[in-house]
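Trainee: Please walk me through one part of this model in detail, starting from a single pair of residues and working outwards to whatever surrounds it.

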Amino acid sequence: MPKPNFDHAAVRARCKRYRRRILDISQTVGALHIAPSFSCLELVATAYFGLMNRTGDPETEDTFILSKGHGSLSQFVALEELGVIPTAWLENYCKPGFPLATHPDYGTPGIAASTGSLGHGLGLSVGMAYADKLNGKERDIYIVMSDGELQEGSVWEALMTAPSFGITRIVAMVDLNDFQSLGRTSEVLPNFYPMLDKLRAFGWESEEVDGHDPQAIYDAVTRRSGKKPFILLGRTVKGKGVKFMESVPIWHYRSPNPEEYKIAIQQIEEAGV
Amino acid sequence: MRNSFANAFYEIAKNDRRVCLVVADITAAAGVASFQKESPERFINVGVAEQMMVGLCAGLALRGCIPVAYTIATFTIYRPFEQVRVDCCYQNLPVKLVGVGGGVNYSTLGGTHHAQEDVALMSAIPNMTVIAPCDPAETAACTKASLIEIPGPVYLRLGKAGEPDLTANAPDPFRLGKVRMIKPGTDVCILSFGPITKMACDIAARLESEKRISTGVVSVHSLKPLDTAGIAALLARFRVVVVIEEHAPFGGLGPQVKSIAWDSGARCKLRTYALKDEFIHVYGSHSDLLGAHGLDPELIFREVAELAS
């Protein structure tokens with residue numbers, strides 16, 4: 001059950017801290033997925049700190065799956081704040097002897113499924129939601145996906161299946177940053193769009209919002225009817241918050257050098273909350 | 001074998017609500033039909049969508065279910081290979097993948113329906129168990145073991161229908177993961193798995209009646225983990241060991257037995273027979289297909305008789 005008194009300003013402030021935290025981590029490794037983590041931060045943070053029912057009991061609480069596993073830092077910083085994963089793990093990100101790396105692994109605290117290969121999370125979610133229905137469990141499954149991921153055929157198998165099976169407890173959020181590795185999604189596959197109509201035609205309830213606006217995300221998800229599975233398209237900017245990273249493909253994976261790091265931190269600080 | 005699986009499955013599933021059957025528009029009769037009627041919510045047909053079938057199974061398993069995926073072997077594991085590897089094996093979940101018609105059993109359907117490299121592919125994935133029973137009774141035992149005894153993912157490779165009983169008089173009982181003598185012998189030992197074990201039994205009978213060569217037959221139902229110690233003991237005990245397998249010449253039983261022979265310093269004669277490393281365009285009965293692949297009982301009989309003389 002979402003929190004009734006949602007504090008969007010707190011989520012914005014949190015995302016600002018998270019961006020700084022991810023930039024700090026970037027100085028300890030040669031490469032990491034900053035830009036794809038920055039684009040989905042508000043979606044992830046609004047899920048964890050507004051929408052999800054977090055009881056601490058895995059039998060009753062809502063589930064979160066980051067199907068775009070390469071955005072793992074966006075989830076790790078939230079789990080760090082929640083105390084689910086220790087700070088030392090993030091400070092030793094991608095280091096031997098510590099469990100956090102580029103993609104989330106099942107078995108790590110707070111991680112409900114191993115992701116990293118795109119197109120797996122939604123199928124897993126359908127199975128989990130089916131089991132919950134079978135066992136009378138009342139809980140939602142939140143899943144964050146990338147727009148490039150929606151090019152995987154397996155995603156469309158899952159999109160077809162979930163509403164056909166009467167599954168209603170999936171809330172999927174698509175990080176619509178319009179970028180995949182080799183260019184703009186809208187240019188690589190122009191017929192990818194319009195997306196909203198396709199999703200609705202497959203039997204999903206779907207809305208499109210500004211994916212960096214926590215209040216808009218919260219409102220769209222809480223207003224859903226609950227009669228169908230729900231999928232939110234969040235329009236986002238890859239690398240959001242650092243001007244020189246925004247919509248520049250190299251920052252999909254590059255780590256900033258010390259000079260770039262300073263500028264990036266400054267831009268995050270100057271950005272309004 | 002299909003019916004034997006279906007009935008064994010039903011006996012377990014009717015009493016264990018964690019067990020689900022997930023099919024991709026292909027199903028079994030017998031006990032599965034009863035299960036579908038009595039527990040429709042646990043019989044899930046995803047349609048012609050095998051990635052969904054395996055992904056959904058993994059999702060069910062993440063919630064504590066014991067899902068069984070069932071379709072023709074090629075579609076159970078080849079189409080959704082990455083879901084098998086990542087969703088089931090990387091996460092080490094109790095998903096049981098049943099492949100019907102392993103090998104070239106679908107003899108008139110062509111190469112699209114021939115699972116001739118399945119054991120190699122499935123054995124190569126960490127956490128996976130690979131099981132291939134030789135007859136209906138072993139199918140029942142392997143189905144129970146897969147669902148009850150083996151905690152992780154399993155690939156259960158089945159034949160189709162009409163396989164004869166080969167194990168009613170077996171000197172060894174079925175023990176999961178162990179090689180099993182199903183016909184005794186002292187001179188030659190033939191190792192096999194799956195429905196082609198019938199060919200091994202026929203060749204053994206002819207070697208005895210026509211050549212007075214005492215020939216044992218061993219069912220190696222567990223390809224992974226392989227009973228290395230049991231196979232090493234057979235290599236030490238028999239002067240001639242033969243492997244007959246309905247599988248590509250790579251990554252199946254034959255190469256592993258040769259490897260064990262080297263490691264254990266075996267002194268026996270060893271001959272292996274497998275499918276060719278080819279897509280053949282020959283149609284006919286299952287036997288016709290095996291013959292076209294060089295798995296000809298007459299040829300193997302003559303060669304083994306010569307080897308043992």
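**From one residue pair to its surroundings**

Mentor: Let us start with B:Met181, whose bridge partner in strand 9 of chain B is B:Val218. Please keep in mind throughout that this is a predicted model. That residue pair belongs to a longer pairing, since strand 7 of chain B and strand 9 of chain B, the latter spanning residues 215–219, run antiparallel to each other and are joined over 3 bridges. Moving outwards, the sheet that holds them is an open one of 5 strands in chain B, arranged in the order 7-9-8-11-12 with mixed pairing. Its edges are strand 7 (180–183) and strand 12 (269–273) of chain B, each of which pairs on one side only. From one strand to the next, the twist averages 25°. Helix 8 of chain B, residues 197–211, packs on this sheet and touches strand 7, strand 8 (188–192), strand 9 and strand 11 (240–244) of chain B, while its direction makes about 170° with that of strand 9 of chain B.

From the sheet we can turn to a pair of helices in chain B, for which a general description is useful. Two packed helices are described by the angle between their axes and the distance between the axes. Here helix 9 (residues 228–237) and helix 10 (residues 253–264) of chain B pack at an angle of about 70°, and their axes lie 9 Å apart. Angles of 65 to 115 degrees count as roughly perpendicular, and helix 9 and helix 10 of chain B are therefore roughly perpendicular to each other. On the side of helix 9 of chain B, the contact is made by B:Thr228, B:Ile231, B:Ala232, B:Leu235 and B:Ala236, and helix 10 of chain B contributes B:Val257, B:Ile260, B:Ala261 and B:Ser264. These contact residues divide into 7 nonpolar and 2 polar, with no charged residue.

Another strand of chain B deserves the same care. Strand 4 of chain B, residues 96–100, is largely enclosed by the rest of the structure, because 5 of its 5 residues are buried. In a regular strand the side chains alternate between the two faces of the sheet. Both faces of strand 4 of chain B are covered, with B:Lys96, B:Val98 and B:Val100 buried on one side and B:Leu97 and B:Gly99 buried on the other. Strand 3 of chain B, residues 66–72, runs parallel to strand 4 of chain B and is joined to it by 5 bridges, with B:Val68 standing opposite B:Lys96. Strand 4 of chain B also pairs in the parallel sense with strand 6 of chain B, residues 154–157, over 4 bridges, and in strand 6 of chain B the bridge partner of B:Lys96 is B:Val154.

Lastly, chain B should be seen together with chain A, as the contact takes 19 residues from chain A and 20 residues from chain B. On the side of chain A that touches chain B, helix 5 (121–134) and helix 6 (153–164) of chain A each supply at least two residues. The largest share of that side, 10 residues, comes from helix 5 of chain A. By type, the residues of the side of chain A that touches chain B divide into 9 nonpolar, 8 polar and 2 charged.

Key:
Residues numbered from 1 in each chain as written. Chains lettered and ligands numbered in written order. Predicted model: local features only at pLDDT ≥ 70, side-chain atom pairs only at ≥ 80, totals over all residues. Pairing = 2+ DSSP bridges. Axes fitted to C-alpha atoms, helices over the stretch in contact; angles between N-to-C directions. Contact = placed C-beta atoms within 7 Å. Nonpolar A, V, L, I, M, F, W, Y, C, P; charged D, E, K, R; others polar. Buried ≥ 20, exposed ≤ 12 C-beta atoms within 10 Å, placed from the backbone. Parallel < 35°, antiparallel > 145°, perpendicular 65-115°, else oblique.
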